[in-house]
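Good morning, colleagues. I would ask you to look at the structure on the screen while I go through its strands, its helices and a few individual residues.

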Amino acid sequence: MIQAVRGMNDLWPETLVHWQRIEAIARDVLGQYGFREIRLPIVERTELFARSIGSHTDIVEKEMYSFELDGERLTLRPEGTAGAVRAGIAQGLLHNQIQRWWYAGPMFRHERPQKGRYRQFHQIGAEAFGAGGPDIDAEMILLTATLWKALGLEGLRLEVNTLGTPSARADYRARLVAYLRLRFEELDEDSRRRLESNPLRVLDSKNPDMTSVIQSAPSLLDFLDDASRRHFEELQQLLRRVGVDYTVNPRLVRGLDYYTRTVFEWLTDRLGAQSAVCAGGRYDGLVELLGGKPTSALGFALGLERLVELLVQSAPMALEEVPQVYVVPTTEAQAASALLLAEALRARGLRVECHFGGGSLKSQMKRADKTGARYAVLLERGDQAVVKDLRGDAGQRTIAPAEIGDYLSARLSAGAGQQT
Ligand code: HAM
């Protein structure tokens, strides 16, 4: 037997109904905010991610699925922002205009798999280009809050922070490194490694032994430039005005280097260690870094697997897409009539399954029942059919086949048989 690749999941209909519901609602909500869908390649040049996410990040250092083909270094995308910027620059779509795009699809990171953390996972992401004020940051966050409401998800917590400008961050970085050197003996192995390459990530450590070092570390908020400070204050005012609750977490640094100013994460307590359901922020320097003209930009991505897990926990009754009608040709001679009747019922918008494979009447009815269908239609010899209510109290009745469509449409649209 050939095993699936570790950390990569097969998805089955029972789970996919949740995926499809999230995707449909996200599509609607994003559309309401003026975002339009884009679809980009899964494979990009390795260099794109090294430059944008940063060569000293965990993602680029050890989590990318990279390979060489025809002399090119290529990588399965670990996230969607870099590709969106690459494509936007190439098409000349980013300069001096407002663009709002969204995307959905698989991403790949060679992390240690555990609940909520996979090697192939899926994001729905959104990116907005061309607006630099805190008002669009607030709208982006509001959009995500609206999405949770539309999905019926409660209990997510919003954390926000600002990372300032690159130069403010460089000053802070120098100060942080000096501080961490003083407490070098207390650092764990990971933090010692990060001290030189990516010291801000030390603040992200989940190791409880590091809590005291992190708690007493200097705060980036004390190093902010005035414009970034104002931007952050205005964003908070806007969030309060529009009624989105948040907490400021000065240690929220994110694992990708391209962020400037606003960063945010939506967190849950219900998924163990993998608490971030959605995350994003502003990346005003990235377009220029990748060869475009300076362009303000921001975005977020949500993790579909994590969101689905939350929804399954809070609404375990799956929205099963069971057939409404199960058509049984009780003899071989009825096979064509059964296909035709099923087609006629589908043309009325009903979900219909036909019975195949013959068998005794008893086994046919057992199969009909197992599908969860509300009605079974048994086509018998001659021009009579029996319609059986398998779940309700309408019993069974004999009807001429030509009248079955009207009868079932009326029963099902009256709500008597809607199962989803
Ligand atoms: P990120 O924080 O790396 O940001 O990922 C966003 C979300 O994807 C996470 O909050 C999490 O829900 C989900 N996720 C990440 N890694 C995994 C994994 N291994 N398994 C399951 N879910 C995962 C980004 O990717 C940025 N591109 C977001 C962004 C867009 N920032 C600006 N624009």
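I begin with a hairpin: β14 and β15 pair in the antiparallel sense, over five bridges. Please keep in mind that we are looking at a predicted model. Within this pair, Leu-378 stands opposite Val-386 of β15. Five residues lie between the two strands of the hairpin, and Gly-382 takes a positive phi there, near 80°.

On β15, residues 385-389, a further antiparallel pairing is found: four bridges join this strand to β16. Here Val-386 appears again, this time opposite Thr-398 in β16. The hairpin of β15 and β16 has six residues between its strands, and in this hairpin Gly-395 has a positive phi near 65°.

Is β15 largely enclosed or not enclosed by the rest of the structure? Four of its five residues are buried, so β15 is largely enclosed.

Let me now place these strands in their sheet. The sheet is open, has five strands and follows the order β13-β12-β14-β15-β16, with mixed pairing. Its edges are β13, residues 352-354, and β16, residues 396-399, each of which pairs on one side only. On average, neighbouring strands of the sheet are turned by 20° against each other, with direction ignored.

Which helices pack on this sheet? One of them is α13, residues 361-371, which touches β12 (325-329), β13, β14 (375-379) and β15. The direction of α13 makes about 165° with that of β12. Helix α14, residues 401-413, also packs on the sheet, where it touches β12, β14, β15 and β16. The direction of α14 makes about 15° with that of β15.

I turn to another sheet. This one is open as well, with eight strands in the order β1-β5-β6-β11-β10-β9-β7-β8, and its pairing is mixed. The edge strands are β1, residues 36-37, and β8, each pairing on one side only. At the β1 edge, β1 and β5, residues 99-108, pair in the parallel sense over two bridges. One bridge partnership there is that of Arg-36 with Trp-101 in β5. Helix α9, residues 226-241, packs on this sheet and touches β7, β8, β9 and β10 (276-282). The direction of α9 makes about 160° with that of β7.

Strand β7, residues 157-162, contains a residue that I would like to examine, Asn-161. Is Asn-161 buried or exposed? Its relative accessibility is 0%, and the cut-off for a buried residue is under 20%, so Asn-161 counts as buried. The side chain of Asn-161 reaches the backbone oxygen of Asn-249 at 3.4 Å. Leaving aside neighbours within four places in sequence, the residues in contact with Asn-161 include Leu-221, Phe-232, Pro-250, Arg-251 and Thr-262, together with Asn-249 itself.

Two residues deserve a comment on their backbone angles. Arg-254 is not a glycine, yet its phi is positive, about 70°. Arg-254 lies in the loop between β8 (247-248) and β9 (262-267). With a relative accessibility of 13%, Arg-254 counts as buried. Asp-70 is also a residue other than glycine with a positive phi, near 50°. The loop that holds Asp-70 runs between β3 (65-69) and β4 (72-76). Where Arg-254 is buried, Asp-70 counts as exposed, at 78% relative accessibility.

Finally, I come to the chain as a whole. How many helices and strands does the chain have? There are 14 helices and 16 strands. What is the radius of gyration, set against that of a compact globule of 420 residues? Such a globule would have a value near 22 Å, but the chain has 28 Å. Along the principal axes, the C-alpha trace spans about 90 × 50 × 45 Å.

Buried residues make up 51% of the 420 residues. Of the contacts with a separation of 6 or more, 69% are between residues 24 or more positions apart. The chain exposes about 20800 Å², and carbon and sulfur atoms supply 50% of that area.

Thank you for your attention.

Conventions: Residues numbered from 1 in each chain as written. Heavy atoms only, no water. Pairing = 2+ DSSP bridges. Axes fitted to C-alpha atoms, helices over the stretch in contact; angles between N-to-C directions. Contact = heavy atoms within 4.5 Å. Rg over C-alpha atoms; globule rule 2.2 N^0.38 Å. Buried < 20%, exposed > 50% of the residue type's maximum accessible area, 1.4 Å probe, protein only. Areas by Shrake-Rupley, 256 points an atom, 1.4 Å probe, with all protein chains shown as cover. Polar contact = N/O pair within 3.5 Å; in protein donor to acceptor, adjacent residues only side chain to side chain.
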